[in-house]
Amino acid sequence: MAAPRGPAQPRPPEHGGSYLVSRPVYSELVFQQQHERRLRERRTLRDSVAQSCSCSRKRATGMLKTVLPILDWLPKYRIKEWLLSDTISGVSTGLVATLQGMAYALLAAVPIGYGLYSAFFPILTYFIFGTSRHISVGPFPVVSLMVGSVVLSMAPDEQFMISSYNGSELTNATMLDTEARDAKRVLIASTLTLLVGIIQLVFGCLQIGFIVRYLADPLVGGFTTAAAFQVLVSQIKIVLNISTKNYNGVLSIIYTLIEIFQNIGNTNLADFIAGLLTIIVCMAVKELNDRFKHKIPVPIPIEVIVTIIATAISYGANLEKNYNAGIVKSIPRGFLPPILPPVSWFSEMMTTSFSIAVVAYAIAVSVGKVYATKHDYTIDGNQEFIAFGISNIFSGFFSCFVATTALSRTAVQESTGGKTQIAGIISAGVVMIAIVALGKLLEPLQKSVLAAVVIANLKGMFMQVCDVPRLWRQNKIDAIIWVFTCVMSIILGLDLGLLAGLIFGLLTVVLRVQFPSWNDLGNIPSTDIYKSIKSYKTIEELQGVKILRFCGPIFYGNVDGFKKCIKSTVGFDAIRVYNKRLKALRRIQKLIKKGQLKATKNGIISDAGSSNNAFEPDEEDIEDPEESDIPTKEIEIQVDWNSELPVKVNVPKVPIHSLVLDCGAIAFLDIVGVKSLRMIVKEFQRIDVNVYFASLQDNVIEQMEQCGFFDDNIRKDTFFLTIHDVILYLQNQVKAQESQDSILETITLIHDCKDPLELMGAELTEEDLDVQEEAMRRLAS
């Protein structure tokens with residue numbers, strides 16, 4: 001009976017077994033000679049223009065569908081399968097959009113009724129030009145707050161204070177002309193919307209939708225969190241019904257908070273209680289919607305329910321008269337005729353409009369991409385720029401403020417079964433009903449309820465703070481970008497904060513490119529694998545060879561860092577070694593001329609001098625003027641620089657004969673980088689160290705050729721396909737050199753021996769005979 005076996009040791013997983021490849025050692029020169037390169041077809045400007053201007057029926061149809069995406073998806077619409085879902089989704093989204101449009105108008109500092117216009121008009125044009133099937137177009141709190149900052153800065157309350165008139169006497173009291181103020185603020189908001197739309201349309205036509213790529217996720221997260229904080233502060237004073245000054249610019253949020261706390265004793269209890277209850281109920285029901293979303297077919301429209309109940313209570317209890325509560329008061333009924341905003345104001349709002357245009361686009365595209373990925377279709381970034389540009393231009397003529405998309409509305413539209421923008425059009429129809437028929441019914445609604453609805457919808461933005469610890473664990477630089485952008489947006493304001501965050505994010509990229517990582521490589525025995533010697537225990541360093549992997553481009557910004565990496569890898573400074581050797585040679589030649597030093601017949605110094613410590617400080621670094629007169633080009637003395645020298649000069653030892661640069665991670669070179677590489681190669685060649693290049697990309701080699709990198713001393717045969725090609729080449733060179741040295745030693749012995757044939761027969765083997773005969777022929781010739 002067999003003895004029981006112990007537990008089997010787990011074996012590492014094998015992926016496809018092993019492989020054995022037999023091929024020549026390839027340098028770039030040999031490889032290009034054996035393998036013909038494919039010639040690139042270079043088109044002239046005329047050919048490019050002719051091709052771009054050519055037109056066919058298929059191309060014209062494709063361009064038309066690109067400009068008008070509705071022509072692509074509407075003919076494919078499945079009425080029986082999708083219409084019912086889109087209808088349910090459109091009604092649900094329309095109810096939420098009606099309420100949010102009114103609430104976000106408070107952020108934009110315009111009368112509440114104009115928020116309904118902003119929730120209606122942008123949908124009409126996006127339905128035709130947009131490429132996302134699921135986003136709900138309309139106001140968004142961050143963008144609305146940025147619009148409000150421009151409106152408040154250009155039309156503060158102080159501009160509309162008028163002296164009160166009592167009968168036939170003028171009194172010292174002043175009052176606020178709210179009608180004139182609201183009219184100007186609406187005009188400013190619509191002018192800003194028109195300018196933002198023009199900027200977005202221009203960006204889309206110029207095909208620069210890639211600009212949103214520079215708004216990294218950590219930057220957007222920090223910015224939107226700061227914006228949520230600013231929204232919260234701006235809505236707290238409405239919930240408390242406290243009047244404060246309209247602060248803008250640096251530290252405006254701090255000044256607002258200070259004034260709120262100073263006037264907190266003037267809080268209206270009716271508004272505060274209504275707002276607090278609204279926040280609690282909305283957040284609780286939203287949490288239930290998220291937790292039981294798989295069991296609830298349609299999310300509970302709690303904002304709509306709360307609004308209806310609050311309006312009924314306010315109307316029944318007459319809260320405005322009895323408790324001095326702040327209510328909506330008046331909502332325009334019907335639509336206003338289109339007007340042309342005054343373009344003369346463009347110059348005053350140009351800077352902020354760029355920020356709003358980019359932020360609005362970035363929010364819409366990021367949300368659209370999430371649902372496009374979920375439902376397996378793509379959106380066109382440049383076409384989205386065009387779609388939102390046209391939507392905002394169109395909306396600007398109808399007294400709207402800037403539109404983008406809101407996360408909560410889009411989530412409602414998608415979760416209730418929305419399939420296409422048909423749901424968006426239906427939601428616009430619901431908003432239109434509210435504009436035409438229901439506006440009068442919402443006039444008793446308290447403003448604190450609308451502000452509370454806004455605050456309740458900020459939960460998702462504030463929860464982004466939980467991403468910071470995760471970012472810190474994954475990438476500390478991303479976490480720093482998040483925190484920096486958030487803090488700057490709170491302190492400086494949203495527009496300057498976004499700019500500061502963007503500049504800081506780009507600065508981190510520049511610094512990472514300027515100071516890339518690098519590794520000193522070694523070989524895993526019996527393989528062609530080369531890894532960092534600091535990361536693995538079984539790595540072997542090759543004798544006389546140093547291998548450096550530089551993970552980044554070489555350009556004017558990091559050339560000095562690249563040189564420091566080389567110096568750290570090889571352990572010496574090539575320029576210092578050359579200068580020390582030059583100084584030692586001058587002294588040796590001086591001693592030879594004076595007869596104080598002799599050389600062997602082979603030119604090798606035989607007498608020993610002082611010790612040679614590599615990096616000891618040399619007290620005699622000052623150049624002797626007599627030594628500088630000695631011409632170094634005529635010095636033909638061979639010196640073993642790693643042994644003791646007959647002069648008192650501390651020449652750093654050079655323990656290597658080759659330096660290999662792994663250039664596989666070098667994406668590009670500029671002219672400064674090419675010149676620096678040439679200088680590095682020449683510096684090492686002067687001290688008898690050869691520099692080899694491995695794994696260069698073809699485009700990098702072309703750049704080096706264009707910049708005149710190659711000459712008689714720097715040839716393409718020092719460029720190899722892989723690191724292992726270089727190492728095999730060097731090993732063959734070492735073997736050949738050792739064979740050459742043994743032959744020379746044998747020749748010397750034969751010359752000194754009385755019976756040379758006997759000596760040759762004793763020392764030479766049959767295997768070495770052919771090699772040495774060939775070497776003898778080369779020496780004789």
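Axes are lines fitted to C-alpha atoms, for helices over the stretch in contact, and the angles between N-to-C directions run from 0 to 180 degrees. With that convention in hand, helix α27 (residues 671-686) of this predicted model can be placed: α27 lies across β8 and β9 and runs at about 140° to β9.

The sheet itself is a good place to continue. It is open and built from 6 strands, in the order β6-β5-β7-β8-β9-β10, with mixed pairing. The edges are taken by β6 (530-532) and β10 (719-720); each has a single partner strand, so one side of each is left without a neighbour in the sheet. A second helix, α24 (residues 559-570), also packs on the sheet, where α24 touches β5 (518-523), β7 (545-550) and β8 (658-662). The direction of α24 makes about 150° with that of β7. Strands of a sheet pair through backbone hydrogen bonds, either parallel or antiparallel. Strand β9 (residues 690-694) and β10 pair in the parallel sense, over 2 bridges, and Ala694 stands opposite Phe720 in β10.

Attention now turns to the nonpolar interior. The largest nonpolar core holds 102 residues, and Val143, Val147 and Leu450 are those with the most contacts inside it. Helix α15 (residues 346-374) provides the largest share of this core, 15 residues. Apart from this core lies another, of 34 residues, which includes Val570, Leu696, Val700 and Phe719. For Val147, the residues touched, not counting those up to four places away in sequence, are Ala108, Ala189, Leu192, Ile356, Phe401 and Val402.

Helix α15 deserves a closer look. At 1.5 Å a residue, its 29 residues should span 42 Å, and the C-alpha atoms at the ends of α15 are 40 Å apart, which agrees. Along the way, α15 has a kink of about 45°, centred on Thr352. Just after α15 comes Asp376, with a positive phi of about 65°.

A last stop is Gly113, which lies in helix α6 (residues 113-118). With a relative accessible area of 3%, Gly113 falls under the 20% cut-off and is therefore buried. Leaving aside neighbours within four places in sequence, Gly113 is in contact with Ile331 and Pro332. Gly113 and Ser330 are 217 residues apart in sequence, yet their C-alpha atoms are 7.8 Å apart in space.

How values were computed: Residues are numbered from 1 along each chain as its sequence is written. This is a predicted model: local features need pLDDT of at least 70, side-chain atom pairs count only at pLDDT 80 or more; totals for chains, interfaces and linings use all residues. Side-chain values use heavy atoms; hydrogens and water are left out. A nonpolar core is a set of buried Ala, Val, Leu, Ile, Met, Phe, Trp, Tyr and Cys residues joined through side-chain atoms within 4.5 Å. Buried means under 20% relative accessible area, exposed over 50%, partly exposed in between (1.4 Å probe, protein chains only). Helices (H or I, at least four residues) and strands (E, at least two) are DSSP runs, numbered from the N terminus. Contact means heavy atoms within 4.5 Å. The expected span of a helix is 1.5 Å times one less than its number of residues. The bend at a residue is the angle between axes fitted to the seven residues ending there and the seven starting there. Two strands pair if DSSP finds at least two bridges between them.
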